[in-house]
6 protein chains.
Amino acid sequence: MKKIITFGEVMMRLSTPNHARFEQSGNFNATFGGGEANVSISLSHFGLRTLHVTRFPDNPIGYAATDFLRSNKVDVGSIQYGGDRMGLYFLETGSSVRPSKIIYDRKNSSFDHIQPGTIDWETILEDASWFHWTGITPAISKGAADCCKEAIDIAHKKGITVSGDLNYRKNLWQYGKTPKEVMPELISKCDVLVASPWDAETIMGIKSNYPELEENEVKIYQEIIKQFPQVKKIISTHRITVSSNHNLLSGQLFNGNSIIKSKQYEINPIVDRIGGGDAFVAGYIYGDLILKNDQNAIEFAVASSVLKHTIEGDANISKVDEVESLINGNNGKLKR
Amino acid sequence: MKKIITFGEVMMRLSTPNHARFEQSGNFNATFGGGEANVSISLSHFGLRTLHVTRFPDNPIGYAATDFLRSNKVDVGSIQYGGDRMGLYFLETGSSVRPSKIIYDRKNSSFDHIQPGTIDWETILEDASWFHWTGITPAISKGAADCCKEAIDIAHKKGITVSGDLNYRKNLWQYGKTPKEVMPELISKCDVLVASPWDAETIMGIKSNYPELEENEVKIYQEIIKQFPQVKKIISTHRITVSSNHNLLSGQLFNGNSIIKSKQYEINPIVDRIGGGDAFVAGYIYGDLILKNDQNAIEFAVASSVLKHTIEGDANISKVDEVESLINGNNGKLKR
Amino acid sequence: MKKIITFGEVMMRLSTPNHARFEQSGNFNATFGGGEANVSISLSHFGLRTLHVTRFPDNPIGYAATDFLRSNKVDVGSIQYGGDRMGLYFLETGSSVRPSKIIYDRKNSSFDHIQPGTIDWETILEDASWFHWTGITPAISKGAADCCKEAIDIAHKKGITVSGDLNYRKNLWQYGKTPKEVMPELISKCDVLVASPWDAETIMGIKSNYPELEENEVKIYQEIIKQFPQVKKIISTHRITVSSNHNLLSGQLFNGNSIIKSKQYEINPIVDRIGGGDAFVAGYIYGDLILKNDQNAIEFAVASSVLKHTIEGDANISKVDEVESLINGNNGKLKR
Amino acid sequence: MKKIITFGEVMMRLSTPNHARFEQSGNFNATFGGGEANVSISLSHFGLRTLHVTRFPDNPIGYAATDFLRSNKVDVGSIQYGGDRMGLYFLETGSSVRPSKIIYDRKNSSFDHIQPGTIDWETILEDASWFHWTGITPAISKGAADCCKEAIDIAHKKGITVSGDLNYRKNLWQYGKTPKEVMPELISKCDVLVASPWDAETIMGIKSNYPELEENEVKIYQEIIKQFPQVKKIISTHRITVSSNHNLLSGQLFNGNSIIKSKQYEINPIVDRIGGGDAFVAGYIYGDLILKNDQNAIEFAVASSVLKHTIEGDANISKVDEVESLINGNNGKLKR
Amino acid sequence: MKKIITFGEVMMRLSTPNHARFEQSGNFNATFGGGEANVSISLSHFGLRTLHVTRFPDNPIGYAATDFLRSNKVDVGSIQYGGDRMGLYFLETGSSVRPSKIIYDRKNSSFDHIQPGTIDWETILEDASWFHWTGITPAISKGAADCCKEAIDIAHKKGITVSGDLNYRKNLWQYGKTPKEVMPELISKCDVLVASPWDAETIMGIKSNYPELEENEVKIYQEIIKQFPQVKKIISTHRITVSSNHNLLSGQLFNGNSIIKSKQYEINPIVDRIGGGDAFVAGYIYGDLILKNDQNAIEFAVASSVLKHTIEGDANISKVDEVESLINGNNGKLKR
Amino acid sequence: MKKIITFGEVMMRLSTPNHARFEQSGNFNATFGGGEANVSISLSHFGLRTLHVTRFPDNPIGYAATDFLRSNKVDVGSIQYGGDRMGLYFLETGSSVRPSKIIYDRKNSSFDHIQPGTIDWETILEDASWFHWTGITPAISKGAADCCKEAIDIAHKKGITVSGDLNYRKNLWQYGKTPKEVMPELISKCDVLVASPWDAETIMGIKSNYPELEENEVKIYQEIIKQFPQVKKIISTHRITVSSNHNLLSGQLFNGNSIIKSKQYEINPIVDRIGGGDAFVAGYIYGDLILKNDQNAIEFAVASSVLKHTIEGDANISKVDEVESLINGNNGKLKR
């Protein structure tokens, strides 16, 4: 089977152990993660071939990040080395009514300074069946946005499925461009969008009252597809935050006509909420490629996301049989 | 008071800390456990005298296991040393919808190669009031099954109460015998059985439709006692798995006529689910010997099991006053 | 703004990690706490100036305790050094139905032997707007009770608001005096009491049937204010213990006429329950000084206490914006 | 073989991990130790039967201490329970030029308040071949000194070998008696003394110039034996402190006529220096009982002490074959 | 460049942290290692392409071992999955005069039951420049020995350099064959031997007096080459064990005529001695392939081994520039 | 006594535990350090009043850094908050022949963007007796260099002693200026320089052959004082690196006429080498202010530095009595 290609920044994540607050912690757990790489890692654990394109500093921290991807079975052969530093973020893990907190320190990272024309997309995408990007990448820097556009254009030209997770983060987008200037062109060549009705308004300027009503939701999605006719599927998760460690999660898929909803799962306690959306996307890609059925795909996507919440680290490392077991109703019975 | 004697394998348990998955863990917590030894440990913490018979390798790992039993007040004077290795198992602790996983590595352990005729049961059982075994032991090897039979025969001859926890594990029983060939003879000299209706079918070939209906349950238990007239009590737990860390637990006792049920407890979160059944048995033995009342005994048994779920490790190390406090409704109020 | 002054013992706390029982633990987490110092620490984190008066041994353990207060922004300039030892307590953290346990080892501590006449209360209270004490201090020793009385008298004379948390602990009070002999005189100069109806009976001898009925509660509070006319506000928390790690918490304030109740919060799981009451008091003091409105103050107090339950250690280190966010309904949503 | 009996306080030891200073440490490693119990533990690991007499608080900390002794194969059947608290000490582990530091917190411990007449020495010593005490015990309190005298008198009367480690600690001896008032009577019934020439002056008032010269050493030892004719052997270690983690260690024995010296060992790095003297005594007792030759006994004693320095915790847990391997020149070669 | 192929068992290694003894340790550090895989890992870190052939159980422990190799850049594409269990060994890390101890538990491992004819050596060795095996493999089982022979024969036939590390372990060789029956045929097709004069006697039956004299050493090596004319180079390390953590290490190479010696290095402290010999072999292979000069190769080999001793885990993960820096005399100066 | 003022960046330091390599570490120890703040921290522990001026991000990481300084008794009242991020560095701790490695990630830190005119030096220096800076600050950015110049000018004008540690780091100085353009003006108002002969050449352009010969050293120092007549004392350490964990350290002071040398100390093992130079400077400042004698001051300085090497973290937290004990020859003897 051909590879799934992902592109985006990977950061070192430094999280306080045992729910400690930043001021209390004399040490940090360290791992690596990034929205797009998380998708590749999860898909590798589902048994698919993946390759992640990114840029790391040419120092032991960059090599450690590479080793992390490699140990998760992601092809690291197209990683670029250079620049000053690994982007990183600090994570304080909340509990109960106390929310988790993230402090980003990603400016001037190696990836931030990535330049178009330096990645051999033609070769990379030759052996690919899917290309996935997120709205974080064009929000980082002009260079990152340009590289993302290169990839989307070539993938589209080659007939590869392109998925984009809009993933709007208002703290990014500080290099002089707004999402509305940059995103529509990228979206226009996408086959699959990960987007909520709110994203439609923020990023695409599609207005709607009461997007939480299903009838309005459908209208918004129809409007998106009208504006971006290449888009065939729009997927999203629906999360109810009972508390920091107790969430309800479901997913849905708009197939151009109607909304297909998944089961809702209760997750309590959450071991690690970061990367839940990426695990959803990975689950959907697996479902679309292998299960070839919208209902099955969205069920696989949301179950994949749910399992991610029980695993420390940014990425889902569940296997296909574990996702299926959850879909089939095994909610935590000991396996001897 | 005379001793309670238990017989069975003790394994090293290597568990991933902090709910890590096997692939994620650079270290393991190490302790020791085994279904029968867990009963002795718990009874020692209830203030009774206990002795455990097993076989360990004659090396520092075997000595460490001995030290573990000794520190838990179990008489280790009848442990046999020899053979190649300590059996062990790996435990990945789940969370929420993710189940815990166990990988056994117990073949060719010192206990696996234990031989009949090498244990001085006459002497060991001289100072005993109770002998407890489980269905795991005859499932390991012919030698283990034979040793178990020796002990049951001599205990029965001496008029000692014999309890057996059927505990069917299909992954064991690989030495050429089936449970139905081996178990009935062992069960025939038991005074107390730990058994669910399902065990009756699997191990004893007693058929029944809808064993979950109480009226059918009674019929099955009556049939058991008909076939094995030495059996006076049949006890079992009833567990509802809401999630990996959230269970509801109750217990019941069949006294030959009717089923006596305990209160149901909610356990959330579960610190460690392993050994919950053994803590139930230990609680019952304490209840039978000391409280001398079926209702009290089954309440003590299930409360003992519930407390075990809040304690790391295979065995319950709660004290009698703690079990009683739980029975009396203290559900976790801070004690200053 | 003038300082809030607190006075009382600070102990080293040695807690078992990961819910281990005392017998299981080969190491302890170490921090420092004490009912009154916890109030100062919390108020410092709310941005107010605080000073804590206590007595530590003149050795590295005493210096480490000083460093702990200093790092939490509490003025340590009036700490006395001398005596033999740091008081300490051991904490076994429960889970689910298993309660946490505390073993105190505070006798003959440096604070236990504190002597009246050795603290320059005139100077310390010169720059103060509030003085807070608890019923633990007069329960420790005659010297401690006398020092507490000195401080209350001088604070009262200077017109500083005095608050007292009755906090009855029957295991203390072993130096030959009873609460009823000592407490009334101290209470008589208090402006704010932290007290439940049960405290009224135990400490002040005010009898009442069914104190849990709101109408009776009001009567008890009215009787307190009748006997102690300096008291203007009586506050308390109301806790429902679902399990060791799952509590419901609300608070109330009696303003001389009626009871004002706060919202009720669900806390699950509790990271650390110790110091919940102190965080409530700190929240109230902040509310009274800054928010100047009884309803707002009691809401701030209980939200402060709720957040404390999510933080390891004796003291709340939440910031004002975090408390306000909780009051405004953010129940744990991730902040990126 | 009959038991070796030891008597003395056992404290909880709280040590900073990884050479952290007291101010730096957010957690402590916890274990238990005491000069006399360390001897019993070590002798148990050499395969001899031992019993330790002490007094613990009747709470989980006391039970944990009991479990610690039990897991080290020491008979705990004669331990007394009562009193307020476990004595404890804090240990900051030095490195290189920075010395380790100990802060004792042992006043008013359960053992401190032990009373004569409460220990059934007649029964305890019935099955004994050796009784060992140290100068720490009579230094703690009058009660402890009196209990020690009881034991020595009865042991002597029964013809049991009595050994005393003078072990002068000037920070103790605060209950109104001086060593010179108490010790001579205890020493007078000892068969074996652990004493350096300096102890002779401090404790027994035997003056000597230049005790470091071997000829003067012999004179001092001869004077001791003249004053205390029951004493047959005087043993001691000789330590050269190159740095906190680098020591040279040898031992010697005076047999009434001459000094027999052991090999000198280099220890670098020292894992844990505490209890080095106790391991020496345990080694000597083993040597005297089993090897029955002064030169062999002193070699075994010092090698036992050297191995202790490589083991975390107060007590030596080396086995006989390990001590012998060191004596035979194996200085650390990997054993596969 | 073509790949280096290695073949052999990989075990899980469970080591006690902080020099704890087996009886003291409540947890183990877990990693993976094996003599031949260690060579591949080290060569990967030197920038060469490597592939390791082995057999793992088809369970998460086997997958974790695979991830470990993959993260170290070793091609895992030819690993076989099957059998019952991962072989493992326990490691107690010594200190100073206390030796480290290893307890093997490798019988009946997946690799133990490997069968000839199941590995596609023709394909694996097609893209290879070097094949390396050790004497551990033919010592494990007949199947392992036969697989090893297959590989050597095909490698030899294809003209690939073959190196064998004789590595005699008397505790292995328990399947009915002796080294003298099995090894000569394997050695006969080797181009490079890792062997000491003592190996010559034990494995090949070549007698010699005083092998430690250089003149006799040369004679033994000449005799080896006479009997096995395919052998062109014989290399070995020379280790002086000052203590468990303090060794002196040098290496030498016999080129058919004379012995070329490396510098001697002092290593103190040793972080981890396991795998020192494998790092030496990896260094030599790098040296032979890249540096193409005997003196340079042996210097690189021993410096590689020395660096291994400073790194936790079985395998050297130093980079070429680090080895070169050590050869050039940088003995530990901080790099900013 | 008046305060000592220091000015410079403080970074978060993330170090691998237990000598792990960057690739091996799943967690990092976290602390804070910076050349100038380290001096203030050490002086605070010597009992002097200190204040550190720096700039931190206005987020919890910045607050944690503030807490760190505060807990070390440094006045944090003049810290500026703003900018994007905390500078940080990663530390891999070497062992034996493997050097420690530092990876800096300090660009675009809050301090990097500090601006002249924003610090109220007049007020800060009003209550000061000493101002200390290092060559790292003017190397970071033009803003930092300008702020440093402001401080030196005002300190000099007020007659405060100014010390500068030249501390050349070639990896810094990337903002367009060279040391020779910036440093001379700053040095010209210094009373005390920390400088080696090599610094003289690199930073001041003072040429010399064979600076390691004492006669040439004197010439260089004389030339420095000729060019910078305000300089009265030049101090430096002399380090011999036996290995990563084994150093020899001494210090010297040029008083305008001759070189005064300290004792040389052996440090083995080194717990943490970072900040050794800063501890030397702090020791010298203490010595100059309190001991008022060049020989005593340089002895105190080097002993302070030696003790730092035995303490984890960037700063010395030894007390005066500990430094004096080392000077008096106590090389690590246990203190009970």
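**Stop 1: chains C and D**

Select chain C and chain D. Together they bury about 2,000 Å², where buried area is the accessible area (1.4 Å probe) that two parts lose on being put together, summed over both. Carbon and sulfur atoms give 64% of that area. The size of an interface is often given as the accessible area lost when the parts come together.

This is a predicted model: local features need pLDDT of at least 70, side-chain atom pairs count only at pLDDT 80 or more, and totals for chains, interfaces and linings use all residues. Residues are numbered from 1 along each chain as its sequence is written, chains are lettered from A and ligands numbered from 1 in the order in which they are written, and side-chain values use heavy atoms, leaving out hydrogens and water.

Now show the residues in contact, meaning heavy atoms within 4.5 Å. On chain C there are 24, and they meet 24 residues of chain D.

Next, look for salt bridges (a side-chain nitrogen of Lys or Arg within 4 Å of a carboxyl oxygen of Asp or Glu). Chain C and chain D have four between them. Select Lys107(D) and Asp84(C) to see a salt bridge, with the closest N and O atoms 3.1 Å apart.

Seven residue pairs, both at pLDDT 80 or more, are in polar contact across this interface. A polar contact is a pair of N or O atoms within 3.5 Å; within protein, one must be able to donate a hydrogen and the other to accept it, and residues adjacent in sequence count only if both atoms are side-chain atoms.

Which parts of chain C each supply at least two residues of the side that touches chain D? Color strand 2 (11-15), strand 3 (27-33), helix 2 (60-71), strand 7 (88-92) and strand 8 (101-105) of chain C. Helices (H or I, at least four residues) and strands (E, at least two) are DSSP runs, numbered from the N terminus. The touching side of chain C divides into twelve nonpolar, five polar and seven charged residues. Here Ala, Val, Leu, Ile, Met, Phe, Trp, Tyr, Cys and Pro count as nonpolar, Asp, Glu, Lys and Arg as charged, and the others, Gly among them, as polar.

Zoom in on strand 3 of chain C. Three bridges join it to strand 3 (residues 27-33) of chain D, and the two run antiparallel. Two strands pair if DSSP finds at least two bridges between them. Find Asn27(C), which stands opposite Asn29(D).

**Stop 2: strand 1 of chain D**

Stay on chain D and select strand 1 (residues 3-7). Five of its five residues are buried, which means under 20% relative accessible area (exposed is over 50%, partly exposed in between; 1.4 Å probe, protein chains only). Lys3(D), Ile5(D) and Phe7(D) lie on one side, Ile4(D) and Thr6(D) on the other.

Add strand 9 (residues 128-134) of chain D. Strand 1 pairs with it in the parallel sense over four bridges, and Lys3(D) stands opposite Ala128(D). Then add strand 4 (residues 50-53) of chain D. Strand 1 pairs with strand 4 in the parallel sense, over four bridges. Here Thr6(D) stands opposite His52(D).

**Stop 3: chains B and A**

Select chain B and chain A. They bury about 2,100 Å² between them, 52% of it on carbon and sulfur atoms. In this pair, 22 residues of chain B are in contact with 23 of chain A.

How many salt bridges cross this interface? Three. Glu23(B) and Lys319(A) form a salt bridge, their closest N and O atoms 3.1 Å apart. Ten residue pairs (both at pLDDT 80 or more) are in polar contact. Strand 8 (101-105) and strand 12 (233-243) of chain B each supply at least two residues of the side that touches chain A. That side of chain B has six nonpolar, ten polar and six charged residues.

**Stop 4: Trp133(A)**

Select Trp133(A), in strand 9 (residues 128-134) of chain A. Is this residue buried or exposed? Trp133(A) is buried, with a relative accessible area of 0%. Leaving out residues up to four places away in sequence, Trp133(A) touches residues including Glu36(A), Cys148(A), Met183(A) and Cys190(A). Cys148(A) is 15 residues from Trp133(A) in sequence, and 7.4 Å away, C-alpha to C-alpha.

**Stop 5: chains E and F**

Select Ser95(F), in the loop between strand 7 (88-92) and strand 8 (101-105) of chain F. Ser95(F) is buried, with a relative accessible area of 1%. Beyond neighbours within four places in sequence, its contacts include Pro269(E), Thr310(E) and His19(F).

Finish on helix 11 (residues 320-327) of chain E. Val320(E), Glu322(E), Val323(E), Ser325(E) and Leu326(E) are buried there. They pack against strand 16 (265-267), helix 9 (276-291) and helix 10 (294-308) of chain E, together with strand 8 of chain F. Just after the helix, Gly329(E) takes a positive phi of about 105°.
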